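This report describes how a protein assembly meets a DNA strand and how charged side chains pair within it. The sequence and structure are shown first.

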Number of protein chains: 2
Amino acid sequence: MAGEAKWLEQDELASWMSLAALLFKLPGVLDFQLQRDSGLSHFEYLVLAGLSESPGRSRRMSELAGFANGSLSRLSHVVKRLEQRGFVERHPAEDDGRITVATITDAGYEMVVSAAPGHVTAVREYVIDALTPEQLTQLKTIADQILAKVDPGRPC
Amino acid sequence: MAGEAKWLEQDELASWMSLAALLFKLPGVLDFQLQRDSGLSHFEYLVLAGLSESPGRSRRMSELAGFANGSLSRLSHVVKRLEQRGFVERHPAEDDGRITVATITDAGYEMVVSAAPGHVTAVREYVIDALTPEQLTQLKTIADQILAKVDPGRPC
DNA sequence: CGCGCTTACTTGACGCTTCAACTCATCGCG
DNA sequence: CGCGATGAGTTGAAGCGTCAAGTAAGCGCG
């Protein structure tokens with residue numbers, strides 16, 4: 001690789017270690033809470049939440065995949081499982097037969113509604129309450145700056 | 001769930017969304033870089049890096065699992081694959097036959113040495129260079145505070 | 001109007017992680 | 001010493017994500 005790879009300074013390293021630990025642990029506890037209290041993976045939750053907020057409680061697959069930050073293939077598998085569990089339905093769009101529209105069922109809707117408060121509470125407990133309002137602002141700025149480097153072509 | 005689940009305020013939500021995006025994307029690009037340039041997953045890298053820095057380039061399995069933040073079972077599978085690739089060796093400890101000691105081979109050592117600069121460069125590019133020194137300090141403080149809530153029984 | 005190209009999704013196979021069983025080795029205690 | 005309990009790792013099956021290939025519907029141009 002690069003012949004000139006500068007190792008990290010002590011305080012850079014310390015910051016990175018803290019961030020790395022955060023990157024590893026926070027998703028873990030949030031996933032765990034959802035799975036334990038609602039039997040949903042985080043991705044499944046995002047899918048159901050996305051549908052529940054969409055007009056007609058429906059959305060086409062590729063849009064939904066983008067919303068949930070996953071590949072179309074992944075979404076397809078997940079939606080198949082959610083359909084078997086009775087939380088969503090799939091129908092081809094009337095005007096274009098290539099398009100599949102996923103719709104959340106009443107059972108699915110109740111599932112999100114019951115899962116959401118616990119999830120929000122967990123986010124509040126672990127993140128929001130741990131920080132001062134000022135730190136929250138700093139965090140947003142920091143995260144956005146890193147994201148701009150990581151994924152330059154994204155809105156905001 | 002909790003009857004009293006307070007939803008997030010607008011700016012809380014915005015900060016959370018940025019953090020959530022970061023949590024999702026940053027591990028992705030870092031993993032991708034390692035995989036592409038060195039053919040190692042992040043976990044494999046951690047295992048090899050952990051061994052390369054240990055006295056005698058060796059460490060017992062359970063210690064190594066803790067270091068790499070993974071289960072013993074996961075480590076066992078991974079080390080088996082790394083052994084098949086010729087990067088590590090496993091031997092029972094002389095004084096206690098229950099213990100397995102993993103040792104990195106020369107090939108494995110060269111692999112970490114060649115992988116490390118690219119990884120460090122990626123961290124620098126995506127994280128360090130995106131922030132001011134002051135923000136790096138803020139980030140460490142923020143991450144540590146969240147981690148204290150998430151995982152109260154951890155050093156520092 | 002028909003034939004190839006593109007779009008939108010689905011499917012199957014493979015690899016990795018997890019979970020629960022299982023195998024040994026060692027320790028404690030009578 | 002013997003034997004159950006505990007500790008350290010390993011293994012196999014099951015589930016999820018990814019990648020590549022497959023299917024089917026629309027579009028476009030001769």
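A polar side-chain atom of Ser76(B) lies 3.0 Å from a phosphate oxygen of DNA strand D, a polar contact being a pair of N or O atoms within 3.5 Å, where within protein one must be able to donate a hydrogen and the other to accept it, and residues adjacent in sequence count only if both atoms are side-chain atoms. This is a predicted model, in which local features need pLDDT of at least 70 and side-chain atom pairs count only at pLDDT 80 or more, while totals for chains, interfaces and linings use all residues. Residues are numbered from 1 along each chain as its sequence is written, chains are lettered from A and ligands numbered from 1 in the order in which they are written, and side-chain values use heavy atoms, with hydrogens and water left out.

Arg90(B) also reaches a phosphate oxygen of DNA strand D, with a polar side-chain atom at 2.9 Å. For His77(A), the partner of the polar side-chain atom is a base oxygen of DNA strand D, 3.2 Å away. Helix H4 (72-84) of chain A, and helix H3 (61-67) and helix H4 (72-84) of chain B, each give two or more residues to the surface near this strand; helices here are DSSP runs (H or I, at least four residues), as are strands (E, at least two), numbered from the N terminus.

Around DNA strand D there are 22 residues, and those that come nearest are Ser73(A), Arg74(A), Gly97(A), Ser62(B) and Arg90(B); near means that a heavy atom of the residue lies within 4 Å. Of the strand's atoms within 4 Å of the protein, 71% belong to sugar and phosphate. The residues of this surface comprise 4 nonpolar, 9 polar and 9 charged, with Asp, Glu, Lys and Arg counted as charged, Ala, Val, Leu, Ile, Met, Phe, Trp, Tyr, Cys and Pro as nonpolar, and the others, Gly among them, as polar.

Over all chains there are 18 salt bridges, each a side-chain nitrogen of Lys or Arg within 4 Å of a carboxyl oxygen of Asp or Glu. Three of them are listed below.

| Acidic residue | Basic residue | N to O distance |
|---|---|---|
| Glu44(A) | Arg85(A) | 3.2 Å |
| Asp151(A) | Lys25(B) | 2.8 Å |
| Asp106(B) | Arg57(B) | 3.9 Å |

Asp151(A) lies in the segment after helix H6 (133-150) of chain A and Lys25(B) in helix H1 (residues 10-38) of chain B, so this pair joins two chains. Glu44(A) is buried, at 11% relative accessible area, whereas Arg85(A) is partly exposed at 40%; buried means under 20%, exposed over 50% and partly exposed in between (1.4 Å probe, protein chains only).
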